Amino acid sequence: MAPHISKTNRPVKVPLDIQLLGFIWIMATPDCYRSVAERFQMNRGTLHKIYRTIVSSIVSEAHRYIQWPTNLKKDEIKDEFLVASGYPGIVGAIDGCYIQIKQPRGDKHYRYINRKKDYAVIIQGVCAYNKKLLDVHIGEVGSMHDARVFRRSELSNSLPRLLGPDEHIVGDSAYPISPHMMVPYKDNGVLTAKQKSHNNKLSKGRVKIENTWAQLKGKWRRLKYLDMDRMDYVVDHICASCVLHNVALDGSDDEYEVEENEEIDVFEERDVDFERMKREGQVKRDMLADLLYSN
């Protein structure tokens with residue numbers, strides 16, 4: 001990445017290490033551009049140019065750092081979740097997270113208002129047990145429900161290809177149950193002991209995505225509020241923060257290898273038999289509940 005930054009930033013007469021330090025400071029703090037520029041002895045316009053160049057470079061390489069695990073890695077992840085939660089077959093935990101933003105441009109800004117009455121976009125993510133992000137879908141409006149965000153994401157169409165019959169991701173009750181997505185039984189006040197046992201063990205696995213969002217926002221603190229009204233800038237910043245999150249977990253950027261690119265479908269809702277998927281998911285969940293309760 002450094003050669004790319006150096007090449008595209010050739011007109012900027014700031015040493016590369018200072019450019020990177022200024023960029024990291026912007027990503028990791030809520031400090032204004034003026035104070036950060038003064039700290040690193042450059043003008044605000046130069047700092048913003050550096051920031052945009054590096055963000056664009058990171059986003060262009062995001063597929064190297066946020067990627068679905070190989071079969072061997074999936075086995076490791078399943079073992080980690082099993083030891084911690086007692087729930088078999090978990091490849092990842094899924095949930096959405098609000099990223100608060102300033103009022104967007106345009107006359108449809110009201111669509112970004114979430115249930116907390118803040119302007120926000122949604123990031124949907126799947127994490128492994130170690131809190132590394134395996135998949136992200138960024139930029140849906142804050143008023144959108146988690147289930148609809150999921151159905152609009154590429155992941156919803158890819159899960160049957162990415163997971164084996166005994167594998168699944170786990171989410172909360174906002175998500176649609178399917179053979180590839182396990183969610184808790186809805187607590188209507190009359191859950192059986194078996195159903196409560198299932199929910200308890202699933203929750204121990206699902207909590208990892210909540211821990212992931214807390215760590216992401218805690219380390220890359222500008223995500224607590226993005227003072228941006230251009231959605232392309234918002235999405236790029238969030239994506240770059242997710243890449244930095246994974247790199248920080250690695251302690252190195254050498255672990256990932258570029259895999260051959262696959263054709264990516266456009267994010268849109270597909271003609272899927274959700275009722276059939278729901279029935280099959282419920283059957284699988286009942287079988288897992290029997291297994292967990294008998295052990």
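**View A. Helices H9 and H10 come within 10 Å of each other, axis to axis, and cross at roughly 100°.** Keep in mind for this and every other view that the model is predicted. Two packed helices are described by the angle between their axes and the distance between the axes. Angles of 65 to 115 degrees count as roughly perpendicular, so H9 and H10 are roughly perpendicular to each other. Zoom in on the crossing and you'll find Thr212, Gln215, Leu216 and Lys219 on the H9 side. Their partners in H10 are Ser241, Cys242, His245, Ala248 and Leu249.

**View B. Here's the largest nonpolar core, with 75 residues.** Which residues touch the most other members of this core? They are Trp68, Leu155, Ile169 and Ile238. Helix H10, residues 231-250, gives the most to the core, with eight residues. As background, nonpolar side chains tend to be buried together in soluble globular proteins.

**View C. This one zooms in on Leu155 and its contacts from beyond four places in sequence.** Trp68 and Ile169 are both on the contact list, and both also sit, like Leu155, among the core residues that touch the most other members. Leu155 is in contact with Ile94, Val126, Phe150 and Leu162 too. Rounding out the list are Gln124 and Asp135.

**View D. Helix H6 runs from residue 71 to residue 85 and has the span you'd expect.** At 1.5 Å a residue, its 15 residues should span 21 Å, and the end C-alpha atoms are 21 Å apart, so the two agree. Which residues of H6 are buried? They are Lys74, Ile77, Lys78, Phe81 and Ser85. These cover an arc of only 100° around the axis, which puts them on the same side of H6. Flip to the other side of H6 and you get Leu72 and Val83, both exposed. Right after the helix comes Gly86, with a positive phi near 80°.

**View E. What do the buried residues of H6 pack against?** Three strands are on the list: S1 (90-100), S2 (120-127) and S3 (133-141). Two helices join them, H8 (154-162) and H9 (193-219). H9 is also the helix that crosses H10 in View A.

**View F. Asp75 is another residue of helix H6.** Is Asp75 buried or exposed? It lands in between: its relative accessible area is 38%, so Asp75 counts as partly exposed. Asp75 and Ile90 are 15 residues apart in sequence, with their C-alpha atoms 9.4 Å apart in space.

**View G. Ala37 lies in helix H3.** Ala37 has a relative accessibility of 2%, so it counts as buried. Skipping neighbours within four places in sequence, Ala37 is in contact with Met42, Asn43, Arg44 and Leu47. His48 is eleven residues from Ala37 in sequence and 9.0 Å from it in space, C-alpha to C-alpha.

**View H. Gln41 and Lys117 each have a positive phi without being glycine.** Gln41 sits in the loop between helix H3 (33-39) and helix H4 (44-60), and its phi is about 55°. With a relative accessible area of 75%, Gln41 is exposed. Lys117 is found in the loop between S1 and S2, with phi near 70°. Lys117 has 69% relative accessibility, so it counts as exposed.

Conventions: Residues are numbered from 1 along each chain as its sequence is written. Side-chain values use heavy atoms; hydrogens and water are left out. Helices (H or I, at least four residues) and strands (E, at least two) are DSSP runs, numbered from the N terminus. The expected span of a helix is 1.5 Å times one less than its number of residues. Buried means under 20% relative accessible area, exposed over 50%, partly exposed in between (1.4 Å probe, protein chains only). The arc is that of the directions from the helix axis to the C-beta atoms. Contact means heavy atoms within 4.5 Å. A nonpolar core is a set of buried Ala, Val, Leu, Ile, Met, Phe, Trp, Tyr and Cys residues joined through side-chain atoms within 4.5 Å. Axes are lines fitted to C-alpha atoms, for helices over the stretch in contact, and angles run from 0 to 180 degrees between N-to-C directions. Angles under 35 degrees count as roughly parallel, over 145 as roughly antiparallel, 65 to 115 as roughly perpendicular and the rest as oblique.
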